[in-house]
Amino acid sequence: MKHIFQWMAFVALSFSMIACEEEDSVHPNSGVPPPPTPEPEQLAAPVLSLVEATAEGFVLEWSAVEHAAAYAYVIGNGEEVATQQCRLAISGLEPETTYLVKVKSLSADLTRYTESLWGSLSVTTLEEQEPDGPDGPDV
């Protein structure tokens, strides 16, 4: 009987040691570091194209950037403005003036994506047209 008790104690102790070893290997406090968190990926910069220019303004557009939730733009030294559109119509500008327009992609999930670098384009407004005379255009 004494041998059976010793054998049962040995078996129980063996199972408890195995169970502890398996538990420790998957336990978050086991001393094994978790896998590294990947660095966020930088979004692509928008590529701007001029759609139309007038003496008083211009229209720009760009293709949607994958994973971008919005865009920010700056005209000259102006303030940064956010938009969800891929088209920008600006009016009320001076004729024959060059403006630097910059646009960047913004992320809604900064753990996975960071904002892009600025995409930029210089746009010159056109010369102001003289109004036609009462008899039609001057020849």
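Six glutamates, Glu56, Glu94, Glu96, Glu127, Glu128 and Glu130, come together as a negative surface patch in this predicted model. Two of these can be placed a bit better. Glu56 sits in the loop that runs from strand 2 (49-53) to strand 3, while Glu96 belongs to the loop between strand 6 (87-90) and strand 7 (98-106). Glu96 is exposed, its relative accessible area being 56%, and its backbone is a little odd too: phi is near 50°, a positive value in a residue other than glycine.

That sign is worth a remark, since most residues other than glycine have a negative phi. His67 is another case, with a positive phi near 75°. His67 is likewise a loop residue, found between strand 3 (58-61) and strand 4 (70-75), and at 42% relative accessible area it counts as partly exposed.

As for the overall layout, the protein has one helix and nine strands, and along the sequence the helix is followed by the strands in the pattern α-β-β-β-β-β-β-β-β-β. Of its 139 residues, 22% count as buried.

Now to the charged pairs. Three salt bridges turn up in a search of the whole structure. One of them joins the side chains of Glu61 and Arg87, with an N to O distance of 3.0 Å. This pair links distant parts of the chain, Glu61 being in strand 3 and Arg87 in strand 6, 26 residues apart. Both ends are partly exposed: Glu61 has 33% relative accessibility, and Arg87 has 46%.

Lys104 takes part in a network of salt bridges with Glu80 and Glu115. On one side, the closest N and O atoms of Glu80 and Lys104 are 3.7 Å apart. Glu80 lies in the loop between strand 4 and strand 5 (81-83) and Lys104 in strand 7, so this bridge ties together parts 24 residues apart in sequence. On the other side, Lys104 pairs with Glu115, the closest N and O atoms being 2.9 Å apart. Glu115 is in the loop between strand 8 and strand 9 (119-124), so here the parts tied together are 11 residues apart in sequence. Lys104 itself is buried, at just 7% relative accessible area, whereas Glu80 is partly exposed at 47% and Glu115 is partly exposed at 38%.

Ser107, finally, is in the loop between strand 7 and strand 8 (113-114). With a relative accessible area of 15%, Ser107 counts as buried. Its side chain reaches the backbone nitrogen of Asp109 at 3.0 Å, and a polar atom of the Ser107 side chain lies 3.2 Å from the backbone oxygen of Tyr113.

Definitions and conventions: Residues numbered from 1 in each chain as written. Predicted model: local features only at pLDDT ≥ 70, side-chain atom pairs only at ≥ 80, totals over all residues. Heavy atoms only, no water. Helix = DSSP H or I, 4+ residues; strand = E, 2+ residues; numbered from the N terminus. Buried < 20%, exposed > 50% of the residue type's maximum accessible area, 1.4 Å probe, protein only. Patch = residues over 30% accessible without salt bridge, like charges linked within 9 Å, V, L, I, M, F, W, Y side chains within 5 Å. Areas by Shrake-Rupley, 256 points an atom, 1.4 Å probe, with all protein chains shown as cover. Salt bridge = Lys/Arg side-chain N within 4 Å of Asp/Glu carboxyl O. Lys, Arg positive; Asp, Glu negative; His and termini not counted. Charge placed at Lys NZ, Arg CZ, Asp CG, Glu CD. Polar contact = N/O pair within 3.5 Å; in protein donor to acceptor, adjacent residues only side chain to side chain.
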